[in-house]
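User: I should like to understand how the structural labels for this protein are justified. Please set each value against its criterion.

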Amino acid sequence: GLEVETVLIPWPERGRTTICVSSQVGCAQACSFCATGRMGRLRSLSAEEILVQAFYGRQAARLLDMPPLEGVVFMGMGEPADN
């Protein structure tokens, strides 16, 4: 299957963790500095696929003893405005 990236960013000093989720597999923007852009956009993720990233990210943060998940940003793969 296809893969996307999801990243947890703990901020212990502030007592919170932020999750970066992907909105697409690949990206059509083709930014020269970004490996994802070289893939091209393969497909957009469904709302359920985006929510699953947050669900499992929250579980991973708990299991890894990170501060609670309090922020979500679209900074993974894809351009959210294109989805």
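Analyst: The answers below concern a predicted model, beginning with the overall chain.

User: What is the secondary structure of the protein chain, and how do its elements run from the N terminus on?

Analyst: The protein chain has two helices and five strands. Their order from the N terminus on is β-β-β-α-β-α-β. The C-alpha atoms fill a box of roughly 35 × 25 × 20 Å along the principal axes. Of the 83 residues, 28% count as buried. The accessible surface comes to about 5600 Å², and carbon and sulfur atoms account for 56% of that area.

User: How do you know that the length of helix α2 agrees with its number of residues?

Analyst: Helix α2 covers residues 47-63, which is 17 residues. At 1.5 Å a residue, taken over one less than the number of residues, the expected span is 24 Å. The end C-alpha atoms of α2 are 25 Å apart, and therefore the two values agree.

User: Why is Gln53 called buried?

Analyst: The cut-off for a buried residue is under 20% relative accessible area. Gln53 has 7% relative accessibility, so Gln53 counts as buried. This residue is found in helix α2. Apart from its neighbours within four places in sequence, Gln53 is in contact with Val4, Glu5, Thr6, Ile19, Val21, Ser22 and Leu45.

User: What makes the buried residues of α2 line one face of the helix?

Analyst: The buried residues in α2 are Ile50, Gln53, Gly57 and Ala61. Viewed down the axis of α2, these residues fall within an arc of 60°, and therefore they line one face of the helix. The cover over the buried residues of α2 includes β1 (7-11), β2 (16-20) and β5 (69-73). On the other side of α2, the exposed residues are Glu48, Leu51, Tyr56, Arg62 and Leu63.

User: Why is the pair Arg43 and Glu49 called a salt bridge?

Analyst: Side chains of opposite charge can pair when their charged atoms come close. The criterion is a side-chain nitrogen of Lys or Arg within 4 Å of a carboxyl oxygen of Asp or Glu. The side chains of Arg43 and Glu49 meet at 2.7 Å, N to O, so by that criterion the pair is a salt bridge. The count by this rule comes to one salt bridge.

User: Are Arg43 and Glu49 buried, partly exposed or exposed?

Analyst: Partly exposed lies between the buried cut-off of under 20% and the exposed cut-off of over 50%. Arg43 has 35% relative accessibility and therefore counts as partly exposed. Glu49, at 29%, likewise counts as partly exposed.

User: Why is Leu2 called exposed, and which surface patch does Leu2 help to make?

Analyst: Leu2 has a relative accessible area of 55%, and the cut-off for exposed is over 50%, so Leu2 is exposed. Leu2 lies in the segment before β1. Together with Met39 and Leu42, Leu2 makes a nonpolar surface patch of about 290 Å².

User: Which residues that are not glycine have a positive phi, and where do they lie?

Analyst: Among them is Ala30, with a positive phi of about 55°. Ala30 lies in the loop between β3 (24-26) and α1 (35-39). Asp65 has a positive phi of about 60° although it is not a glycine. Asp65 lies in the loop between α2 and β5. At 72% relative accessibility, Asp65 counts as exposed.

Terms used: Residues numbered from 1 in each chain as written. Predicted model: local features only at pLDDT ≥ 70, side-chain atom pairs only at ≥ 80, totals over all residues. Heavy atoms only, no water. Helix = DSSP H or I, 4+ residues; strand = E, 2+ residues; numbered from the N terminus. Buried < 20%, exposed > 50% of the residue type's maximum accessible area, 1.4 Å probe, protein only. Arc of directions from axis to C-beta. Contact = heavy atoms within 4.5 Å. Patch = residues over 30% accessible without salt bridge, like charges linked within 9 Å, V, L, I, M, F, W, Y side chains within 5 Å. Areas by Shrake-Rupley, 256 points an atom, 1.4 Å probe, with all protein chains shown as cover.
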